[in-house]
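Dear colleague,

Please find the structure handed over below for your examination. I would be grateful if you could read the notes that follow alongside it.

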Amino acid sequence: MFQLGKTIVSEEILENDFVCNLSACKGACCVEGEAGAPVEEEETKILEEIYPKVKPFLRPEGVEAIERQGTFIKGEDGEWETPLVNGSECAYVTFSDNGTAFCGIEQAYNAGEVQWKKPISCYLYPVRIKQYQEFAAVNYHKWHICDDACSLGKELQVPVYKFVKNALIEKFGEKWYSELEEVAKDLGH
């Protein structure tokens, strides 16, 4: 681990390779797991604000879950997260004809209906941020459903931090990311 500003960063984001392979996993990260996607405090307001424009992109089951539970919920861990449909997939998920999961928020963004792509936790994945009082921990989250993404990343030689470059810049800024690249270079990654 190393420190960059007010973050403690795991070297695993430099050492591991990753490129999402939707054709293999079909977006399982939006469907599997025990909770919705983590949502930051400021993102709760965005979800409320954009919901009317995102709603037409969602499945009826997702709309029903959101309208019953809210655009975000407090999870068992006390943190904000997206609601789930029947305790399974994210309420904001949609499915293609071949069963691949896509983000309805991102579809609304791509259609120019909203200016927000999706929760930063989704945009950053497989990087997870844990906010503490004095710093943020930046970690690599290894999940078996992403084995194909790890294989594709290794084949294409794309380390995690490069795969999520735009999301890391959105979260921490250009200067922070430039410093991360320098650390990666210094460590031989």
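The notes below describe a sheet, a helix that packs against it, and some aromatic side chains.

Please bear in mind throughout that this is a predicted model.

The sheet is open and has four strands, in the order S1-S2-S8-S7, with mixed pairing. Its edge strands are S1 (residues 2–4) and S7, each of which pairs on one side only. On average, neighbouring strands of this sheet are turned by 25° against each other, direction ignored.

Taking the pairs in sheet order, S1 and S2 run antiparallel and are joined by three bridges. Within this pair, Leu4 has Thr7 in S2 as its bridge partner. Strand S2, which spans residues 7–9, pairs with S8 in the parallel sense, again over three bridges. Here Ile8 stands opposite Ala137 of S8. On the other side, S8 pairs with S7 (residues 127–131) in the antiparallel sense, over five bridges. Val127 and Tyr140 are bridge partners in that pair. S7 and S8 also form a hairpin, with four residues between the two strands.

Strand S8 deserves a separate remark. This strand covers residues 136–140 and is mostly covered, with four of its five residues buried. What packs against S8? The buried residues of helix H7 do.

Helix H7 comprises residues 147–156, and Ala149, Cys150 and Gly153 are buried in this helix. Seen down the axis of H7, the buried residues fall within an arc of 100°, so they line one face of the helix. As a general point, an α-helix has 3.6 residues a turn, so residues three or four places apart point the same way. The face of H7 turned away from the buried side carries Lys154 and Glu155, both of which are exposed. Just after the helix, Gln157 takes a positive phi of about 55°.

Turning to the aromatic side chains, the structure holds six aromatic pairs. There are also lysine residues placed over aromatic rings. Lys74 lies over the face of Trp80, at 4.5 Å from the ring centre. Lys130 lies over the face of Tyr132, at 6.0 Å from the ring centre.

In brief, S8 is paired with S2 in the parallel sense and with S7 in the antiparallel sense, while the buried residues of H7 pack against S8.

With kind regards

Notes
Residues are numbered from 1 along each chain as its sequence is written. This is a predicted model: local features need pLDDT of at least 70, side-chain atom pairs count only at pLDDT 80 or more; totals for chains, interfaces and linings use all residues. Side-chain values use heavy atoms; hydrogens and water are left out. Buried means under 20% relative accessible area, exposed over 50%, partly exposed in between (1.4 Å probe, protein chains only). Two strands pair if DSSP finds at least two bridges between them. Rings of Phe, Tyr and Trp (its six-membered ring) pair if their centres lie within 6.5 Å; planes under 30 degrees apart count as stacked, over 60 as edge-to-face and the rest as tilted. A charge sits over a ring if NZ of Lys or CZ of Arg is within 6 Å of the ring centre and within 35 degrees of the ring normal. The arc is that of the directions from the helix axis to the C-beta atoms. Contact means heavy atoms within 4.5 Å. Axes are lines fitted to C-alpha atoms, for helices over the stretch in contact, and angles run from 0 to 180 degrees between N-to-C directions.
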